[in-house]
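User: Could you take me through one helix of this protein in detail? I would like to know which way its residues face and what they touch.

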Amino acid sequence: MHIEVKNLNKHFGQFHAIKDVNFSITKGHLVGLIGPSGGGKTSILRMLSGLESPTSGDIYFDGKLATHLPVQERGIGFVFQSYALFKHMTVFENVAYGLKVLKKPKDFIQDRVTYLLGLMGLAGSERKYPHQLSGGQRQRVAFARALAPEPQLLLLDEPFAAIDAKIRKELRVWLRNLIDEFKVTTLFVTHDQDEAIEVADEIILVQGGKIEQQGSPWEIYTKPASSFVASFIGESNIISQYTPLIGFPYLEELQKDGQWLPDVNVMIRPESIEVRNRDVSHLATAGEKGKVTHAHFRGDSWYLEIDTGAIKLFAYQSVKEKIYQPGDEVNILIHHISVFTKTDNKLIENQAKQDPLPVFI
Ligand SMILES: Nc1ncnc2c1ncn2[C@@H]1O[C@H](COP(=O)(O)OP(=O)(O)OP(=O)(O)O)[C@@H](O)[C@H]1O
Ligand SMILES: [Mg+2]
(Lines give C-alpha, C1' and ligand atoms only; values in the text may rest on other atoms or scores of the structure.)
(Ligands and ions follow the chains in the order given, each with its own letter.)
Protein backbone atom coordinates (compact mmCIF):
# COMPACT_ATOMS: atom_id res chain seq x y z
CA MET A 1 0.00 0.00 0.00
CA HIS A 2 1.27 3.44 -0.89
CA ILE A 3 1.08 5.87 2.02
CA GLU A 4 0.77 9.62 1.85
CA VAL A 5 0.64 11.97 4.81
CA LYS A 6 -0.26 15.62 4.21
CA ASN A 7 0.10 18.52 6.64
CA LEU A 8 -0.41 16.29 9.64
CA ASN A 9 -0.79 18.07 13.01
CA LYS A 10 -1.48 16.74 16.47
CA HIS A 11 -2.19 18.79 19.57
CA PHE A 12 -2.39 17.18 22.99
CA GLY A 13 -4.25 19.97 24.82
CA GLN A 14 -1.99 23.02 24.47
CA PHE A 15 0.97 20.94 23.35
CA HIS A 16 1.69 20.89 19.63
CA ALA A 17 3.27 17.44 19.31
CA ILE A 18 3.23 16.93 15.50
CA LYS A 19 3.85 19.99 13.37
CA ASP A 20 2.80 19.98 9.75
CA VAL A 21 4.35 16.67 8.83
CA ASN A 22 4.41 15.55 5.18
CA PHE A 23 5.82 12.35 3.80
CA SER A 24 5.05 9.47 1.52
CA ILE A 25 6.06 5.82 1.54
CA THR A 26 6.42 3.84 -1.67
CA LYS A 27 4.47 0.59 -1.76
CA GLY A 28 6.56 -2.31 -0.46
CA HIS A 29 9.26 -0.13 1.08
CA LEU A 30 10.60 -0.46 4.59
CA VAL A 31 10.94 2.99 6.11
CA GLY A 32 12.82 3.62 9.35
CA LEU A 33 11.31 6.33 11.55
CA ILE A 34 13.97 7.55 13.93
CA GLY A 35 14.71 10.49 16.18
CA PRO A 36 15.25 11.49 19.79
CA SER A 37 12.85 10.48 22.54
CA GLY A 38 9.69 12.59 22.56
CA GLY A 39 10.21 13.57 18.90
CA GLY A 40 6.81 12.26 17.79
CA LYS A 41 7.51 8.82 16.30
CA THR A 42 4.85 6.90 18.22
CA SER A 43 2.32 9.69 17.68
CA ILE A 44 2.80 9.48 13.91
CA LEU A 45 2.46 5.69 14.04
CA ARG A 46 -0.70 5.90 16.12
CA MET A 47 -2.31 8.31 13.68
CA LEU A 48 -1.49 6.00 10.77
CA SER A 49 -3.01 3.11 12.69
CA GLY A 50 -6.20 4.98 13.59
CA LEU A 51 -5.60 4.63 17.34
CA GLU A 52 -5.19 8.40 17.49
CA SER A 53 -6.83 10.98 15.23
CA PRO A 54 -4.95 13.98 13.87
CA THR A 55 -5.95 17.50 14.87
CA SER A 56 -5.62 18.44 11.21
CA GLY A 57 -4.15 17.08 8.00
CA ASP A 58 -4.84 13.95 6.02
CA ILE A 59 -3.65 10.40 5.48
CA TYR A 60 -4.09 8.59 2.16
CA PHE A 61 -3.78 4.86 1.59
CA ASP A 62 -3.32 4.05 -2.11
CA GLY A 63 -4.64 7.52 -2.93
CA LYS A 64 -7.85 7.08 -0.89
CA LEU A 65 -8.58 9.28 2.09
CA ALA A 66 -8.07 7.22 5.24
CA THR A 67 -7.72 9.87 7.97
CA HIS A 68 -10.83 8.80 9.88
CA LEU A 69 -11.12 5.18 8.81
CA PRO A 70 -11.75 2.85 11.80
CA VAL A 71 -8.69 0.85 12.95
CA GLN A 72 -10.11 -2.52 11.85
CA GLU A 73 -10.73 -1.28 8.30
CA ARG A 74 -7.16 -0.14 7.70
CA GLY A 75 -5.56 -3.51 7.02
CA ILE A 76 -2.67 -2.84 9.39
CA GLY A 77 -0.44 -5.21 11.34
CA PHE A 78 1.33 -4.02 14.51
CA VAL A 79 4.33 -5.17 16.46
CA PHE A 80 5.26 -3.28 19.61
CA GLN A 81 8.18 -3.39 21.99
CA SER A 82 6.69 -5.65 24.61
CA TYR A 83 3.58 -7.31 25.97
CA ALA A 84 2.58 -7.88 22.40
CA LEU A 85 1.33 -11.45 22.80
CA PHE A 86 -1.82 -12.73 24.51
CA LYS A 87 -0.33 -14.45 27.56
CA HIS A 88 -3.08 -17.00 28.03
CA MET A 89 -3.07 -18.18 24.44
CA THR A 90 -0.65 -20.66 22.91
CA VAL A 91 1.68 -19.65 20.08
CA PHE A 92 -0.76 -21.19 17.61
CA GLU A 93 -3.75 -19.35 19.07
CA ASN A 94 -1.86 -16.07 19.09
CA VAL A 95 -0.99 -16.32 15.40
CA ALA A 96 -4.48 -17.57 14.50
CA TYR A 97 -6.21 -14.77 16.40
CA GLY A 98 -6.60 -12.24 13.56
CA LEU A 99 -7.71 -14.95 11.14
CA LYS A 100 -10.42 -16.12 13.55
CA VAL A 101 -11.67 -12.55 13.86
CA LEU A 102 -11.91 -12.50 10.06
CA LYS A 103 -13.86 -15.79 10.28
CA LYS A 104 -11.48 -17.66 7.98
CA PRO A 105 -12.13 -21.41 7.52
CA LYS A 106 -10.42 -23.75 9.97
CA ASP A 107 -8.27 -25.48 7.34
CA PHE A 108 -7.09 -22.17 5.99
CA ILE A 109 -6.12 -21.02 9.50
CA GLN A 110 -4.26 -24.27 10.18
CA ASP A 111 -2.26 -23.97 6.94
CA ARG A 112 -1.47 -20.30 7.27
CA VAL A 113 -0.33 -20.51 10.90
CA THR A 114 1.81 -23.56 10.13
CA TYR A 115 3.36 -21.78 7.15
CA LEU A 116 4.12 -18.61 9.14
CA LEU A 117 5.56 -20.42 12.14
CA GLY A 118 7.76 -22.46 9.79
CA LEU A 119 9.00 -19.26 8.20
CA MET A 120 9.77 -17.80 11.62
CA GLY A 121 11.80 -20.85 12.61
CA LEU A 122 9.17 -21.75 15.21
CA ALA A 123 7.78 -25.02 13.87
CA GLY A 124 7.12 -27.30 16.84
CA SER A 125 6.38 -24.42 19.24
CA GLU A 126 2.63 -24.28 18.44
CA ARG A 127 1.52 -25.46 21.87
CA LYS A 128 3.90 -23.36 23.91
CA TYR A 129 2.81 -20.31 25.86
CA PRO A 130 4.58 -16.95 25.52
CA HIS A 131 6.34 -17.31 28.90
CA GLN A 132 8.01 -20.50 27.61
CA LEU A 133 9.75 -18.59 24.80
CA SER A 134 12.81 -16.34 24.66
CA GLY A 135 12.38 -12.62 23.94
CA GLY A 136 13.50 -13.07 20.33
CA GLN A 137 11.10 -15.99 19.80
CA ARG A 138 8.22 -14.03 21.31
CA GLN A 139 8.81 -11.16 18.92
CA ARG A 140 8.90 -13.57 15.99
CA VAL A 141 5.50 -14.90 17.10
CA ALA A 142 4.31 -11.28 17.27
CA PHE A 143 5.46 -10.79 13.68
CA ALA A 144 3.69 -13.98 12.58
CA ARG A 145 0.51 -12.80 14.28
CA ALA A 146 0.75 -9.37 12.63
CA LEU A 147 1.39 -10.86 9.18
CA ALA A 148 -1.25 -13.62 9.36
CA PRO A 149 -4.20 -11.54 8.03
CA GLU A 150 -2.03 -10.22 5.13
CA PRO A 151 -1.85 -6.59 6.23
CA GLN A 152 -1.27 -3.85 3.66
CA LEU A 153 0.83 -1.87 6.12
CA LEU A 154 3.03 -3.10 8.94
CA LEU A 155 3.73 -0.72 11.83
CA LEU A 156 6.64 -1.62 14.09
CA ASP A 157 7.30 0.41 17.24
CA GLU A 158 10.73 -0.56 18.57
CA PRO A 159 10.05 -4.28 18.17
CA PHE A 160 13.58 -5.30 19.21
CA ALA A 161 14.13 -2.79 22.01
CA ALA A 162 13.91 -5.36 24.81
CA ILE A 163 16.19 -7.89 23.10
CA ASP A 164 19.89 -8.26 23.79
CA ALA A 165 22.41 -6.82 21.34
CA LYS A 166 23.63 -9.96 19.59
CA ILE A 167 20.18 -11.43 18.89
CA ARG A 168 19.03 -7.99 17.86
CA LYS A 169 21.66 -7.88 15.13
CA GLU A 170 20.49 -11.26 13.83
CA LEU A 171 16.90 -10.03 13.87
CA ARG A 172 17.82 -7.08 11.64
CA VAL A 173 18.82 -9.41 8.81
CA TRP A 174 15.81 -11.57 9.53
CA LEU A 175 13.46 -8.56 9.35
CA ARG A 176 14.95 -7.40 6.04
CA ASN A 177 14.42 -10.86 4.53
CA LEU A 178 10.91 -11.04 5.95
CA ILE A 179 9.88 -7.75 4.38
CA ASP A 180 11.44 -8.79 1.05
CA GLU A 181 9.42 -12.01 1.21
CA PHE A 182 6.08 -10.39 2.10
CA LYS A 183 6.62 -7.14 0.15
CA VAL A 184 4.50 -5.36 2.72
CA THR A 185 4.87 -1.60 3.19
CA THR A 186 6.48 -1.16 6.61
CA LEU A 187 7.12 1.74 8.97
CA PHE A 188 9.72 0.79 11.54
CA VAL A 189 10.34 2.97 14.60
CA THR A 190 13.71 2.41 16.21
CA HIS A 191 16.03 4.24 18.58
CA ASP A 192 18.94 2.41 17.06
CA GLN A 193 20.29 4.35 14.09
CA ASP A 194 22.54 1.45 12.99
CA GLU A 195 19.46 -0.76 12.83
CA ALA A 196 17.67 1.79 10.62
CA ILE A 197 20.69 2.26 8.35
CA GLU A 198 21.12 -1.45 7.85
CA VAL A 199 17.48 -2.40 7.36
CA ALA A 200 15.57 0.51 5.83
CA ASP A 201 15.06 1.53 2.19
CA GLU A 202 14.48 5.03 3.46
CA ILE A 203 14.84 6.89 6.72
CA ILE A 204 12.61 9.63 8.14
CA LEU A 205 14.21 11.53 10.98
CA VAL A 206 11.82 13.39 13.28
CA GLN A 207 12.70 15.83 16.00
CA GLY A 208 10.41 18.14 17.97
CA GLY A 209 7.39 16.99 15.95
CA LYS A 210 8.98 17.93 12.62
CA ILE A 211 10.71 16.00 9.88
CA GLU A 212 14.39 16.91 9.82
CA GLN A 213 15.18 14.82 6.75
CA GLN A 214 13.84 11.98 4.63
CA GLY A 215 16.09 10.02 2.29
CA SER A 216 17.93 6.78 1.69
CA PRO A 217 20.32 5.73 4.47
CA TRP A 218 23.19 6.62 2.09
CA GLU A 219 21.83 10.12 1.43
CA ILE A 220 21.20 10.80 5.09
CA TYR A 221 24.60 9.51 6.14
CA THR A 222 26.65 11.25 3.46
CA LYS A 223 24.55 14.39 2.99
CA PRO A 224 22.91 15.17 6.29
CA ALA A 225 20.64 18.20 5.98
CA SER A 226 21.84 19.73 9.24
CA SER A 227 24.49 19.25 11.89
CA PHE A 228 21.72 17.79 14.07
CA VAL A 229 21.13 15.00 11.52
CA ALA A 230 24.88 14.52 11.18
CA SER A 231 25.34 14.07 14.89
CA PHE A 232 22.29 11.82 15.20
CA ILE A 233 23.22 9.46 12.37
CA GLY A 234 26.60 7.83 12.56
CA GLU A 235 29.51 9.14 14.55
CA SER A 236 31.22 12.41 13.95
CA ASN A 237 33.85 14.82 15.09
CA ILE A 238 32.09 18.19 15.25
CA ILE A 239 34.40 21.17 15.07
CA SER A 240 32.72 24.41 15.84
CA GLN A 241 35.58 26.83 16.31
CA TYR A 242 37.73 28.22 13.60
CA THR A 243 40.38 25.65 12.73
CA PRO A 244 42.20 25.74 9.41
CA LEU A 245 42.43 22.25 7.97
CA ILE A 246 45.10 21.36 5.44
CA GLY A 247 43.53 20.45 2.10
CA PHE A 248 40.33 22.44 2.71
CA PRO A 249 40.90 26.03 1.59
CA TYR A 250 37.11 26.52 1.41
CA LEU A 251 37.15 26.93 5.18
CA GLU A 252 39.17 30.12 4.78
CA GLU A 253 36.22 31.65 2.93
CA LEU A 254 33.99 31.09 5.92
CA GLN A 255 36.10 32.95 8.41
CA LYS A 256 36.28 36.50 9.59
CA ASP A 257 38.83 37.77 12.08
CA GLY A 258 39.94 34.27 13.00
CA GLN A 259 36.39 33.04 13.64
CA TRP A 260 33.93 31.14 11.53
CA LEU A 261 30.91 33.09 10.51
CA PRO A 262 27.95 32.45 12.80
CA ASP A 263 26.21 29.08 12.36
CA VAL A 264 29.11 27.36 10.62
CA ASN A 265 29.66 23.78 11.74
CA VAL A 266 32.23 21.38 10.42
CA MET A 267 31.90 17.65 10.80
CA ILE A 268 34.45 14.92 10.16
CA ARG A 269 33.36 11.29 10.14
CA PRO A 270 35.89 9.04 11.88
CA GLU A 271 36.06 6.79 8.82
CA SER A 272 37.16 9.80 6.73
CA ILE A 273 40.35 10.01 8.76
CA GLU A 274 43.36 8.01 7.62
CA VAL A 275 46.13 7.53 10.15
CA ARG A 276 49.70 6.84 9.01
CA ASN A 277 53.25 6.80 10.28
CA ARG A 278 55.12 10.06 10.32
CA ASP A 279 57.52 8.54 7.80
CA VAL A 280 54.89 8.40 5.05
CA SER A 281 56.13 11.71 3.74
CA HIS A 282 53.69 12.24 0.89
CA LEU A 283 50.96 12.81 3.47
CA ALA A 284 52.88 15.70 4.88
CA THR A 285 51.58 18.11 2.24
CA ALA A 286 47.96 16.97 2.40
CA GLY A 287 47.53 16.01 6.01
CA GLU A 288 47.89 17.14 9.58
CA LYS A 289 50.46 16.08 12.09
CA GLY A 290 49.23 14.70 15.37
CA LYS A 291 49.93 12.63 18.43
CA VAL A 292 47.92 9.63 19.55
CA THR A 293 46.51 10.41 22.99
CA HIS A 294 44.37 7.33 23.51
CA ALA A 295 44.01 3.90 21.90
CA HIS A 296 41.76 1.00 22.72
CA PHE A 297 40.87 -2.22 21.03
CA ARG A 298 37.22 -2.72 20.08
CA GLY A 299 37.15 -6.09 18.34
CA ASP A 300 37.10 -5.24 14.65
CA SER A 301 39.19 -2.08 14.92
CA TRP A 302 41.17 0.24 17.17
CA TYR A 303 39.62 3.41 18.51
CA LEU A 304 42.17 6.23 18.41
CA GLU A 305 42.15 9.74 19.77
CA ILE A 306 44.56 12.10 18.10
CA ASP A 307 45.56 15.61 19.05
CA THR A 308 46.82 17.80 16.21
CA GLY A 309 47.46 20.74 18.51
CA ALA A 310 44.55 22.65 16.98
CA ILE A 311 41.90 19.94 17.26
CA LYS A 312 41.23 16.63 18.95
CA LEU A 313 39.81 13.95 16.67
CA PHE A 314 38.74 10.36 17.05
CA ALA A 315 39.14 7.76 14.35
CA TYR A 316 39.10 3.99 13.85
CA GLN A 317 42.02 2.01 12.58
CA SER A 318 41.51 -1.38 11.00
CA VAL A 319 43.21 -4.28 12.76
CA LYS A 320 44.92 -4.96 9.43
CA GLU A 321 46.86 -1.70 9.77
CA LYS A 322 49.69 -0.73 12.04
CA ILE A 323 48.82 -0.60 15.73
CA TYR A 324 49.41 2.73 17.45
CA GLN A 325 49.96 3.50 21.09
CA PRO A 326 49.47 6.70 23.05
CA GLY A 327 52.44 8.97 22.42
CA ASP A 328 52.97 7.82 18.80
CA GLU A 329 53.43 10.65 16.35
CA VAL A 330 51.32 10.26 13.23
CA ASN A 331 50.25 11.90 10.00
CA ILE A 332 46.55 12.05 9.49
CA LEU A 333 44.80 12.60 6.23
CA ILE A 334 41.24 13.89 6.35
CA HIS A 335 39.55 12.61 3.20
CA HIS A 336 36.24 14.50 3.52
CA ILE A 337 34.59 17.08 5.69
CA SER A 338 30.97 18.20 5.83
CA VAL A 339 30.39 21.91 6.22
CA PHE A 340 27.07 23.30 7.42
CA THR A 341 26.16 26.93 7.14
CA LYS A 342 22.85 28.61 7.84
CA THR A 343 21.65 28.05 4.28
CA ASP A 344 23.70 25.22 2.88
CA ASN A 345 25.58 22.01 3.50
CA LYS A 346 28.48 20.63 1.51
CA LEU A 347 30.53 17.46 1.44
CA ILE A 348 34.06 18.55 0.56
CA GLU A 349 36.92 16.36 -0.53
CA ASN A 350 40.49 17.05 0.47
CA GLN A 351 42.01 19.08 -2.34
CA ALA A 352 45.04 16.80 -2.42
CA LYS A 353 42.79 13.99 -3.70
CA GLN A 354 42.12 16.00 -6.86
CA ASP A 355 45.84 16.26 -7.64
CA PRO A 356 46.98 14.39 -10.74
CA LEU A 357 49.56 12.47 -8.73
CA PRO A 358 48.23 9.81 -6.38
CA VAL A 359 48.99 10.83 -2.82
CA PHE A 360 47.85 7.70 -1.05
CA ILE A 361 49.16 4.23 -0.70
N1 LIG B 1 -1.56 11.17 24.99
C2 LIG B 1 -0.69 12.18 25.12
N3 LIG B 1 -0.99 13.25 25.88
C4 LIG B 1 -0.14 14.29 26.01
N5 LIG B 1 1.07 14.35 25.43
C6 LIG B 1 1.45 13.30 24.67
C7 LIG B 1 0.58 12.17 24.49
N8 LIG B 1 1.23 11.29 23.68
C9 LIG B 1 2.43 11.86 23.37
N10 LIG B 1 2.55 13.06 23.97
C11 LIG B 1 3.70 13.97 23.84
O12 LIG B 1 4.00 14.13 22.47
C13 LIG B 1 5.39 14.14 22.24
C14 LIG B 1 5.74 13.05 21.24
O15 LIG B 1 5.54 11.80 21.86
P16 LIG B 1 5.81 10.41 21.15
O17 LIG B 1 5.38 9.34 22.08
O18 LIG B 1 5.19 10.44 19.80
O19 LIG B 1 7.41 10.44 21.02
P20 LIG B 1 8.42 9.31 20.52
O21 LIG B 1 9.21 9.93 19.42
O22 LIG B 1 7.67 8.06 20.20
O23 LIG B 1 9.35 9.12 21.78
P24 LIG B 1 10.08 7.76 22.36
O25 LIG B 1 11.30 7.58 21.49
O26 LIG B 1 10.44 8.13 23.74
O27 LIG B 1 9.11 6.62 22.25
C28 LIG B 1 6.06 13.97 23.60
O29 LIG B 1 6.44 15.23 24.08
C30 LIG B 1 4.96 13.36 24.44
O31 LIG B 1 5.10 13.74 25.80
MG1 LIG C 1 7.68 6.12 21.03
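Analyst: Let's start on the outer side of helix α3. The face of α3 turned away from its buried side carries Asp-107 and Asp-111, which are exposed. Here exposed means over 50% relative accessible area, buried means under 20%, and partly exposed lies in between, with a 1.4 Å probe and protein chains only.

A word on the model before we go on. This is a predicted model, in which local features need pLDDT of at least 70 and side-chain atom pairs count only at pLDDT 80 or more, while totals for chains, interfaces and linings use all residues. Residues are numbered from 1 along each chain as its sequence is written, chains are lettered from A and ligands numbered from 1 in the order in which they are written, and side-chain values use heavy atoms, leaving out hydrogens and water.

Now the helix itself. Helix α3 covers residues 106-119, and its 14 residues reach 20 Å from the first C-alpha to the last, close to the 20 Å expected at 1.5 Å a residue. That expected span is 1.5 Å times one less than the number of residues. The name α3 comes from numbering DSSP runs from the N terminus: helices are H or I runs of at least four residues, and strands are E runs of at least two.

Which residues of α3 are buried? They are Ile-109, Arg-112, Val-113, Leu-116 and Leu-117. Seen down the axis of α3, these buried residues fall within an arc of 125°, so they line one face of the helix. The arc is taken from the directions that run from the helix axis to the C-beta atoms. There is a handy rule behind this: an α-helix has 3.6 residues a turn, so residues three or four places apart point the same way.

What does the buried side of α3 pack against? Its partners are α2 (91-101), α4 (135-147) and α5 (165-182), where a contact means heavy atoms within 4.5 Å. Just after α3, Gly-121 takes a positive phi of about 75°.

One of those partners, α5, leads to another backbone detail. Lys-183 sits in the loop between α5 and β8 (185-189), and its phi is near 50°, a positive value in a residue other than glycine. Most residues other than glycine have a negative phi. Lys-183 counts as exposed, at 61% relative accessibility.

Finally, the wider setting: the protein has nine helices and 21 strands, and 48% of its 361 residues count as buried.
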